[in-house]
Amino acid sequence: MTAIIFTYNHDERHEYRSPQRKEQSHDHKSSSPHYRRLHRHRRSYAERFARRGHDLVLVARDVARLEAMAGPLRQETRVAIDIIQADLTQPADLAKVETRLRDDARIGILVNNAGTAIGGTFVEQSIDDMTRLVALNTTALLRLASAIAPRLAKSGEGAIINIGSVVGLAPEFGMTVYGATKAFVLFLSQGLSLELGPKGVYVQAVLPATTRTEIWGHVGADVNALSNVMEVNDLVDAALVGFDRREPVTIPPLPDAGQWEAFDSARKAMLANFGNALPAERYRTVA
Ligand SMILES: NC(=O)c1ccc[n+]([C@@H]2O[C@H](COP(=O)([O-])OP(=O)(O)OC[C@H]3O[C@@H](n4cnc5c(N)ncnc54)[C@H](OP(=O)(O)O)[C@@H]3O)[C@@H](O)[C@H]2O)c1
């Protein structure tokens, strides 16, 4: 799930365009090509967006795998697929991708998908592993969003999809540092949605639960031994339903959306009660 960057497709029916820009639809054949850059769950995102008519830019460390996926997809969809090799924990590689995001005006949508996890408890994990995890799951995601957001805000259109996790809502799941990075992704996405939404830029946070990918191997777990494992295609299809509905937060595994709404409403109900000069009664000590 690495960054996917593309701009509007040339098939009106699927094209994401902020309402006020509908009148400016253009014929893709004559104007500049549209690009999309992609990290993982990437196969599904790549296939779906290519089939929606988006050109793609695929980004990850393993270029051979990207090429293996891009070849058949180019043939099938006739879209342009560009590949960039980058380790997003390496400043020089990250800067290269940021520059492309900042400068390539054809890129209109970013899917911040690259991420990983580490096994063990907090006291067992090495600080170097935790630091690398934070660098990929939060710093890289933040820098990629920061690279593209000003240009999208100026153009009044575009979208950013950030892949978080339900773990970001659940310290009880025991993936403390990973969960903290995903809590960051959710908060950042909600904040960007409030800041960029009025400027015509859509920001979506996607919160998957257990999904059948290689990430479980990185934490030393056998995904086949886990229960309630969602298939990647189902996850991405559901996330795209949320995308097409312009949901700020999409939680594909959650059966009752009312639970999220109640949670978010309860959070918002507290906000007005934070502004107090005196501590709450329960914290006042009798002198
Ligand atoms: N699978 C789940 O159960 C689950 C649940 C909730 C959230 N998520 C989130 O979904 C996203 C995708 O993860 P996944 O499950 O698809 O895991 P995955 O199978 O391990 O894929 C991770 C993707 O990120 C890329 N990547 C990893 N490290 C990178 C680096 N340093 N630089 C550039 N690209 C890098 C990988 O490509 P290369 O190895 O080629 O670089 C790959 O495309 C992550 O943000 C993850 O936290 C997954």
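Colleague: Which residues are linked with Asp-82 in a network of salt bridges?

Modeller: In this predicted model, one pair within the network is Arg-100 and Asp-82, whose side chains meet in a salt bridge at 2.9 Å, N to O. Arg-100 belongs to helix H3 and Asp-82 to strand S4 (residues 81-85), so this pair ties together parts that are 18 residues apart in sequence. The residues linked with Asp-82 in the network are Arg-100, Asp-104 and Arg-106.

Colleague: Is Asp-82 buried, partly exposed or exposed?

Modeller: A residue counts as buried under 20% relative accessible area and as exposed over 50%. The relative accessible area of Asp-82 is 24%, and Asp-82 is therefore partly exposed.

Colleague: How many salt bridges does the count come to?

Modeller: Besides the bridge between Arg-100 and Asp-82, the count includes one between Asp-264 and Arg-267, with the closest N and O atoms 2.9 Å apart, and one between Lys-268 and Asp-264, at 3.3 Å from N to O. The count comes to 16 salt bridges.

Colleague: Why are Lys-268 and Asp-264 separated by about one helical turn?

Modeller: An α-helix has 3.6 residues a turn, so residues three or four places apart point the same way. Asp-264 and Arg-267, both in helix H8, are three residues apart, again about one turn of the helix. For Lys-268 and Asp-264, the reason for the separation of about one helical turn is that in helix H8 they are four residues apart.

Colleague: Which is buried and which is partly exposed, Asp-264 or Arg-267?

Modeller: With the cut-off for buried set at under 20% relative accessible area, Asp-264, at 10%, is buried. Lys-268, the other partner of Asp-264, has a relative accessible area of 48% and is partly exposed. Arg-267, with a relative accessible area of 31%, is partly exposed.

Colleague: Which residue caps the N-terminal end of H8?

Modeller: Helix H8 covers residues 257-271 and reaches 22 Å from its first C-alpha to its last, close to the 21 Å expected. At its N-terminal end, a side-chain oxygen lies 2.6 Å from the backbone nitrogen of Gly-258, and the residue that supplies this oxygen as a cap is Asp-256.

Colleague: Which helix supplies the largest share of the largest nonpolar core?

Modeller: In soluble globular proteins, nonpolar side chains tend to be buried together. Here the largest nonpolar core has 28 residues, and those with the most contacts inside it are Leu-88, Leu-144, Ile-148, Ile-160 and Leu-196. Strand S3 (56-60), helix H3 (91-103), strand S5 (107-112), helix H4 (127-155) and helix H5 (176-196) each supply at least two residues of this core. The largest share, nine residues, comes from H4.

Colleague: Which elements do the buried residues of H5 pack against?

Modeller: The 21 residues of H5 should span 30 Å at 1.5 Å a residue, which agrees with the 30 Å between its end C-alpha atoms. Among the buried residues of H5 are Val-177, Tyr-178, Val-185, Leu-192 and Leu-196, and Leu-196 is also one of the residues in contact with Ile-160. The buried residues of H5 pack against H4, strand S6 (159-163), strand S7 (202-206), helix H6 (215-218), strand S8 (249-250) and H8.

Colleague: What percentage of the 287 residues in the protein chain do buried residues make up?

Modeller: The protein chain has eight helices and eight strands, and its accessible surface comes to about 14,700 Å², of which 56% belongs to carbon and sulfur atoms. Of the 287 residues in the protein chain, the buried share is 46%.

Key. Residues numbered from 1 in each chain as written. Predicted model: local features only at pLDDT ≥ 70, side-chain atom pairs only at ≥ 80, totals over all residues. Heavy atoms only, no water. Expected span 1.5 Å × (residues − 1). Polar contact = N/O pair within 3.5 Å; in protein donor to acceptor, adjacent residues only side chain to side chain. Buried < 20%, exposed > 50% of the residue type's maximum accessible area, 1.4 Å probe, protein only. Areas by Shrake-Rupley, 256 points an atom, 1.4 Å probe, with all protein chains shown as cover. Core = buried A, V, L, I, M, F, W, Y, C linked by side-chain atoms within 4.5 Å. Contact = heavy atoms within 4.5 Å. Salt bridge = Lys/Arg side-chain N within 4 Å of Asp/Glu carboxyl O.
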